[in-house]
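Reader: I have a model on the screen and would like to go through its charged pairs and its ligand sites. Could you answer one point at a time, with the cut-offs stated?

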Amino acid sequence: MPGIILVGAQWGDEGKGKATDLIGSKVDYVARFNGGNNAGHTVVVDDESYALHLLPSGIISPNVTPVIGNGVVVDPEVLLQEIEGLQSRGVDCSRLLVSEAAHIIAPYHRVLDKVTERFLGKRKIGTTGRGIGPAYADKVNRVGIRVHDLFNRDHLHDKVEASLRQKNQMLVKLYNRRPIDVDVTTDELLALGERMRPYVANTSLILNNALDEGKSVLFEGGQATMLDVDHGTYPFVTSSNPTAGGACTGTGVGPTKITRVIGVSKAYVTRVGEGAFPTELLDEQGEWLRKQGHEFGVTTGRPRRCGWFDAVVNRYATRINGLTDIVLTKLDVLTGLKEIPICVAYDVRNSDGTHTRYDDMPVDQSAFVAATPIYETMPGWTEDISKVHSFEDLPATCRNYVRRLEELSRCRISLIGTGPQRDHVIVLHDLTV
Ligand code: GDP
Ligand code: IMO
Ligand code: MG
């Protein structure tokens, strides 16, 4: 009964979509457990490229049952649009299961996301504007709306009214906006719920039964370790738990069912939105990485901030998630560099002028903001590695770079990505068992 968790080890966009597709095509279920349509996961199959936001990457594989777990926040409009978009391209979405306990993103959450960002001014988070934070805030405030609420008008009306009572006061008095109509919102959600109904199920029960019957489940995370609301660079984080623990709470499957935890890391680092990023390159080298790696957001199109591999981040991801394996992606992007710096630790200048070396991630964000990378430099390679399929056939300097990342991350590297396509891969260890 393999229960495999796959998470982002950095700040997102590590290539989780491709990794999920590679491993997920060999499992029975792929379940998303956190986040919502703030995610943008790319799966490339032959000449077709799919950008998935809410649907699990397993939707592309015909033998997989894709599941949206209770920990995901579901925007019903986006869900239905994404299903229609894929079906028009010949992808069958009829197997999809959506948890009846998942919270929904209502239109007013999107409005609130945008106005709160504006209100924060220079302290803004740089959110994707999809209503993620306000939807999770309602969940924790106990005024959220769950998928099963969409099937009973009176009940739904009551919940929408309760949720909007305070928000409308805020919208009108604080943000100078028009109030949102309870009846109109209820009817909109009711109609969307009706269209979603065929997919709605008790997904915790289904996943647990599947695991008990010896079937395999891949738990696919959105976002990443450093964006985790508890363990990330707070407050510049998302509002869910993209780390491995979130897979259990976000699907209703216990930790005893988990057999493997995979972290996905780029061979360098990118970040979208605000917040500190010690190895960020603000010069032409950063520009070079962005160009070579096509580093533009799948969800918002924003240029991604780029920097060198940060082993402090990866060691932290290994610890927080209990990683058993790393999938190292985009190694091909570094081809052509004479030398490649790796951040091995941070140097933090304290307020009294003294310096502290951090080999492990500081929890205090003022230390993280003040962190400057301590680099070690490895020789690069110039050979095209995109057609290499065995580790031994990589240039020696490339192998050394990978082995050093592995050592510094304190976790074995089991799969290497050498390009966006399914066959751009080097397998070191089988991840499906
Ligand atoms: P995710 O959010 O973690 O699923 O990652 P994204 O899809 O947002 O961004 C990763 C991008 O890198 C996508 O455009 C992928 O097609 C691409 N990609 C994934 N793995 C590799 C790789 O090994 N090499 C290259 N060159 N591109 C890759
Ligand atoms: P995938 O799954 C990269 C970032 C946003 C912002 C912060 C909070 O494709 O890796 P939110 O809208 O979640 O409230 O925004 O989190 N962010 C991501 N960055 N990849 C993602 O998803 C992200 N999802 C959210 O840019 O800084
Ligand atoms: Mg992405």
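## Salt bridges and ligand sites

Reader: Is aspartate 75 buried or exposed?
Author: Buried means under 20% relative accessible area, exposed over 50% and partly exposed in between, with a 1.4 Å probe and protein chains only. Aspartate 75 has a relative accessibility of 2%, so it counts as buried.

Reader: What kind of model is this, and how are its parts labelled?
Author: Residues are numbered from 1 along each chain as its sequence is written, while chains are lettered from A and ligands numbered from 1 in the order in which they are written. Side-chain values use heavy atoms, leaving out hydrogens and water; local features need pLDDT of at least 70, side-chain atom pairs count only at pLDDT 80 or more, totals for chains, interfaces and linings use all residues, and the model itself is predicted.

Reader: Which residue forms a salt bridge with aspartate 75?
Author: A salt bridge is a side-chain nitrogen of Lys or Arg within 4 Å of a carboxyl oxygen of Asp or Glu. For aspartate 75 the closest N and O atoms are 2.4 Å apart, and the partner is arginine 110.

Reader: How far apart in sequence are arginine 110 and aspartate 75?
Author: Helices (H or I, at least four residues) and strands (E, at least two) are DSSP runs, numbered from the N terminus. Arginine 110 is in helix 3 (residues 107-120), and aspartate 75 is in the loop between strand 6 (73-74) and helix 2 (76-87); this pair of distant chain parts is separated by 35 residues.

Reader: What is the relative accessible area of arginine 110?
Author: Its partner, aspartate 75, is buried. Arginine 110 is partly exposed, with a relative accessible area of 22%.

Reader: How many residues apart are the parts that glutamate 274 and lysine 124 tie together?
Author: Glutamate 274 and lysine 124 form a salt bridge whose closest N and O atoms are 3.8 Å apart. Glutamate 274 lies in the loop between strand 12 (269-271) and helix 9 (284-292) and lysine 124 in the loop between helix 3 and helix 4 (132-141), so the parts tied together are separated in sequence by 150 residues.

Reader: What is the relative accessibility of lysine 124?
Author: Glutamate 274 counts as partly exposed at 34% relative accessibility. Lysine 124 also counts as partly exposed, at 35%.

Reader: Is aspartate 149 buried or exposed?
Author: Aspartate 149 forms a salt bridge with lysine 159, with 3.6 Å between the closest N and O atoms. Aspartate 149 is in the loop between helix 4 and helix 5 (153-174), and lysine 159 is in helix 5, ten residues apart. Lysine 159 counts as partly exposed at 28% relative accessibility. Aspartate 149 has a relative accessible area of 0% and is buried.

Reader: How many salt bridges does the rule give?
Author: The rule is the 4 Å cut-off between Lys or Arg nitrogens and Asp or Glu carboxyl oxygens. The count comes to 27.

Reader: Which protein residues are donors of the magnesium ion, ligand 3?
Author: Donors are N, O and S atoms within 2.8 Å of the metal (3.2 Å for Na, K and Ca), and since water is not among the atoms, sites may look incomplete. The donors lie 2.0 to 2.2 Å from the ion and are Asp13 (OD) and Gly40 (O).

Reader: Is glycine 40 buried or exposed?
Author: Aspartate 13 counts as partly exposed at 23% relative accessibility. Glycine 40 has a relative accessible area of 11% and is buried.

Reader: Which residues come nearest to ligand 1?
Author: A residue is near a molecule or strand if one of its heavy atoms lies within 4 Å of it. There are 19 residues around ligand 1, and the closest are Lys16, Gly17, Gly40, Thr42 and Asp332.

Reader: How far is a polar backbone atom of glycine 40 from an oxygen atom of ligand 1?
Author: A polar contact is a pair of N or O atoms within 3.5 Å; within protein, one must be able to donate a hydrogen and the other to accept it, and residues adjacent in sequence count only if both atoms are side-chain atoms. A backbone N or O atom of glycine 15 is 2.9 Å from an oxygen atom of ligand 1. For glycine 40 the distance is 2.8 Å.

Reader: How much of the accessible area of ligand 2 does the protein cover?
Author: Accessible areas come from the Shrake-Rupley method with a 1.4 Å probe; for residues, only the protein chains shown count as cover. A polar side-chain atom of threonine 128 lies 2.6 Å from an oxygen atom of ligand 2, and a polar backbone atom of glutamine 223 is 2.8 Å from an oxygen atom of the ligand. Of the 550 Å² that ligand 2 has on its own, the protein covers 98%.
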